[in-house]
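This report covers charge pairing, cysteines and a surface patch. The structure comes first.

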Amino acid sequence: MGCGSSSGNAAAAPGQPQAVVVELSEKDRNAIAVQGLKDALLWALEESIKTGKQMEVWKEDDIRIKMPCMEKIDALKEKVTSVPVVGSAAAKAIDEALTPFEGQFAEAGVAVVSDGRTHQAIAGIINNLTPDNAIYLCREGGVTACVDYLKDFAKALLREALTPVVNDIMNDHVLTKSWKALVSAINKGAALAKMDELDFDLDTYVYESALNSLMSLMMRKEKEIRDAPAQAVSWAVQQCFGAVDPKNWKKTKDG
């Protein structure tokens, strides 16, 4: 004759009805994981934008926006220099046009990240995510799986939402003026050296580079959540990234 309660029932005080613990369905567990993924990404976005507003972070190798086309520019300068009489002056003009770029790509990155439309657009996309493999992404997909999913799944949506923002910023940004001066100097040299002119979409490059930098910052934050899930921003995040088996998850902290 046993005196223990049957499995699936919670202990109750004498004279009180016994509470039945109902295991969550797979759909319920995935819903918790989806919410946890969203909460984690929204927190990572907010924290990364705060960081991205600081010029110093854009000096870091995995964040900074690199000067594009340098291999082609260097090859052009070498060939231009060999042009008799006028070549040295043309190469010098290219070097002088290159000088202002110190810090200007970083300033453009800060401008993109700081624009309120950037946060609004990415947050809107995050809030509409509904992955059916959210449990896997949160628990087994790797240390940056959630941000990787956002980048891959929402690639077209991010481009559609953020390209107009970048175009607006670049319309009157000092980087655009400096780039036009550089292209002018390069193309004059290219004509002398009988080489192709420089044809490069600066706005697209700034969009892709700034977004990649922001996502890199978000990956750092995702790693922080995975390292310390108990300190995370919501109960859903704590469960999704914590040690508790999904079969034992609860819809709320109190059950």
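Arginine 220 is partly exposed, at a relative accessible area of 30%. Partly exposed lies between buried (under 20% relative accessible area) and exposed (over 50%), with a 1.4 Å probe and protein chains only. The model is predicted: local features need pLDDT of at least 70, side-chain atom pairs count only at pLDDT 80 or more, and totals for chains, interfaces and linings use all residues. Residues are numbered from 1 along each chain as its sequence is written, and side-chain values use heavy atoms, with hydrogens and water left out.

**Salt bridges**

Side chains of opposite charge can pair when their charged atoms come close. A salt bridge here is a side-chain nitrogen of Lys or Arg within 4 Å of a carboxyl oxygen of Asp or Glu. The count comes to 13 salt bridges. Three of them are tabulated.

| Acid | Base | Closest N and O atoms |
|---|---|---|
| Aspartate 62 | Arginine 220 | 3.0 Å |
| Aspartate 74 | Lysine 77 | 4.0 Å |
| Aspartate 95 | Lysine 77 | 2.6 Å |

Arginine 220 forms a salt bridge with aspartate 62. This pair links distant parts of the chain, 158 residues apart: arginine 220 sits in helix α10, aspartate 62 in the loop between α1 (26-52) and α2 (70-81). Helices are DSSP runs (H or I, at least four residues), numbered from the N terminus. Aspartate 62 is partly exposed, at 44%. A network of salt bridges links Glu60, Asp62 and Arg220.

Lysine 77 is buried, at 18% relative accessibility. Aspartate 95, its partner in helix α3 (residues 87-98), lies 18 residues from lysine 77 in helix α2, and the pair links distant parts of the chain. Aspartate 74 shares helix α2 with lysine 77, three residues apart, about one turn of the helix. Aspartate 74 is partly exposed at 38%, and aspartate 95 is partly exposed at 37%.

**Cysteines**

How many disulfides does a search of the whole structure find? Zero. A disulfide is a pair of cysteine sulfur atoms within 2.5 Å. The sulfur of cysteine 138 has its closest cysteine sulfur in cysteine 146, at 4.3 Å, so the two are too far for a bond. Cysteine 138 is buried at 2%; cysteine 146 is buried at 1%.

**Acidic patch**

Asp196, Glu197, Asp199 and Asp201 gather in a surface patch of negative charge. Such patches take residues with over 30% relative accessible area and no salt bridge, like charges being joined within 9 Å. Aspartate 196 falls in the loop between α9 (174-193) and α10 (202-227). Aspartate 196 counts as exposed, at 64% relative accessibility.

Note on methods: Patch = residues over 30% accessible without salt bridge, like charges linked within 9 Å, V, L, I, M, F, W, Y side chains within 5 Å. Areas by Shrake-Rupley, 256 points an atom, 1.4 Å probe, with all protein chains shown as cover. Lys, Arg positive; Asp, Glu negative; His and termini not counted. Charge placed at Lys NZ, Arg CZ, Asp CG, Glu CD. Helix = DSSP H or I, 4+ residues; strand = E, 2+ residues; numbered from the N terminus.
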